[in-house]
Amino acid sequence: MIRAGTIQVNGQGHLEIGGCDTVELAERYGTPLYIMDEELLRKNCRRFRNALQQSYPHGQVIFAGKAFLVLAMARLVGEEGLGLDVVSGGELYTALKAGFPAERLFFHGNNKTGTELAEALDAGTGRIIVDSMMELEDLIALARQKGKKAAVLLRLRPGVEAHTHEYIQTGQEDSKFGFALEEEALTAVRLALSVPDHIELAGFHCHIGSQIFQIEPYRPAAQTMLRFMALVRKQTGFVVSQLNMGGGLGIRYRSSDNPPSIEAFVANLATAVTQAAEEEEFPLPELLLEPGRSICGEAGITLYRIGVIKEVPGIRRYVSVDGGMMDNIRPALYGAGYEAILANKADREGVGTVTIAGKACESGDILIDESFLPPVEKGDLLAVFSTGAYCYAMASNYNRNPRPGVLFVRDGKARVAVRRESYEHMVALDM
Ligand code: LLP
């Protein structure tokens, strides 16, 4: 089992998280249920901040909200002193509603609508990460119209491929994100610098991918970014002050996964940036990091109740749970692997391999292809580990299944961060 944070087996042989017995939580709050270990969430925020403080003179850690953003999470991130990366009007709204300081918000997106750009400007968003020439032109026009000045980072494509699933690679040449180097990006820089009343060019951004275990791809990315910053200085005389290297640090989904620690990742990245700056004789920029998954992924588990068990003789045993691809699309979408245990039999040895199936009307709704478990019976509780990132955030109502609620647990207490949806919620907007 994945022993992240406060996860352990208690005296009754039940899985425990945040000091709470998961069997009791399932009874009280129902299943499926997302449970977040608040202590681990906070610890990961602090580890990132401390690691950056120790390995680099000035920087900021910005939580990538797309991994998991609800009011409770926005508040937690704010309390821990991180910035917040939002990527839509909806995420921006959530952050502001939670009272998150607008000046610590970073607004991303490859196709922000005019409405979203206006919302970001009106809210006083700290940075807008501009993704294309069209967007830069639109933003200038909008800022002029509103008599405002937008502080921006330009997102660049450093042409680096990180080793991860193709759908979650983003830094490579053929990508919908960011400006191409160098001509297109230089043109954007010149345009941004030509309207000092409406655009403050604070720096550059890149993001090379997600669920990355190697530090290597960040080195050429940092070199490319610094080389470009030096080129901008040479061509325009302008010295930018911020470099945002995006997110991407991978987490442990299965016991065999071995990602670098937060400390090792941050220290190596800081070294890569420092060396690149030295090579280019460029003053050290402020270094911004945007971790999502590595802050919240391992802090979450999903609890399901086991229902139908079906033997396909000589082939496999299907064990079905009361959720599936609607609360965790990652196996179906990326072939992502997960590990699970029986939460009510957490102290028992595994005896055989079963296939964990969801309840959606899709043959592809398989959560775990091979799960080694103790004898499974209807009514048992299954806990799937490392579901804190990109699960609730990507959940749907497919087959009109209500989305599960989210609990935050800490020191033996559980609080509802998000209520479970009801059937009524699902028809609330239908006419
Ligand atoms: N910054 C930017 C600009 C991003 O696009 C992302 C993730 C992050 C930061 C955070 O990356 P992280 O630290 O979480 O790797 N749905 C996929 C992941 C998509 C990631 C998209 N961008 C999944 O479930 O694996």
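This passage describes the domain arrangement, the interdomain interface, the ligand surroundings and the salt bridges of a predicted model.

The protein chain is assigned two domains. Domain 1 is built from two separate segments, residues 8-30 and 299-427, whereas domain 2 covers residues 38-296. The C-alpha centres of domain 1 and domain 2 are separated by 33 Å.

The interface between the domains involves 22 residues of domain 1, which are in contact with 23 residues of domain 2. About 2,100 Å² is buried between domain 1 and domain 2, and carbon and sulfur atoms contribute 58% of this area. Polar interactions also cross the boundary: seven residue pairs, both members at pLDDT 80 or more, are in polar contact between domain 1 and domain 2. On the side of domain 1 that touches domain 2, two or more residues each are supplied by α11 (330-334), β19 (405-410) and β20 (413-418). Of the contributing elements, β19 gives the most to this side, with four residues. Classified by residue type, the side of domain 1 that touches domain 2 comprises 13 nonpolar, four polar and five charged residues. Two salt bridges are counted between domain 1 and domain 2. A salt bridge is also found between Glu38 and Arg415, whose closest N and O atoms are 3.0 Å apart. Glu38 falls within the bounds of domain 2, and Arg415 within those of domain 1.

The ligand is surrounded by 20 residues, of which Ser210, Glu290, Arg330, Tyr334 and Tyr390 come nearest. Several polar atoms of the protein approach oxygen atoms of the ligand. For Arg330, a polar side-chain atom lies 2.5 Å from a ligand oxygen atom. In the case of Tyr390, an N or O atom of the side chain is 2.7 Å from an oxygen atom of the ligand. The backbone is represented by Gly248, a polar backbone atom of which is 2.9 Å from an oxygen atom of the ligand.

Across the structure as a whole, 17 salt bridges are present. One of them joins Glu280 to Arg227, with the closest N and O atoms 3.8 Å apart. Glu280 is located in the loop between α9 (262-279) and β12 (286-289), while Arg227 belongs to helix α8 (residues 218-236), so this pair ties together parts that are 53 residues apart in sequence. Both Glu280 and Arg227 fall within the bounds of domain 2.

Definitions and conventions:
Residues are numbered from 1 along each chain as its sequence is written. This is a predicted model: local features need pLDDT of at least 70, side-chain atom pairs count only at pLDDT 80 or more; totals for chains, interfaces and linings use all residues. Side-chain values use heavy atoms; hydrogens and water are left out. Domain bounds come from an automatic or database domain assignment. Contact means heavy atoms within 4.5 Å. Buried area is the accessible area (1.4 Å probe) that two parts lose on being put together, summed over both. A salt bridge is a side-chain nitrogen of Lys or Arg within 4 Å of a carboxyl oxygen of Asp or Glu. A polar contact is a pair of N or O atoms within 3.5 Å; within protein, one must be able to donate a hydrogen and the other to accept it, and residues adjacent in sequence count only if both atoms are side-chain atoms. Ala, Val, Leu, Ile, Met, Phe, Trp, Tyr, Cys and Pro count as nonpolar, Asp, Glu, Lys and Arg as charged, and the others, Gly among them, as polar. A residue is near a molecule or strand if one of its heavy atoms lies within 4 Å of it.
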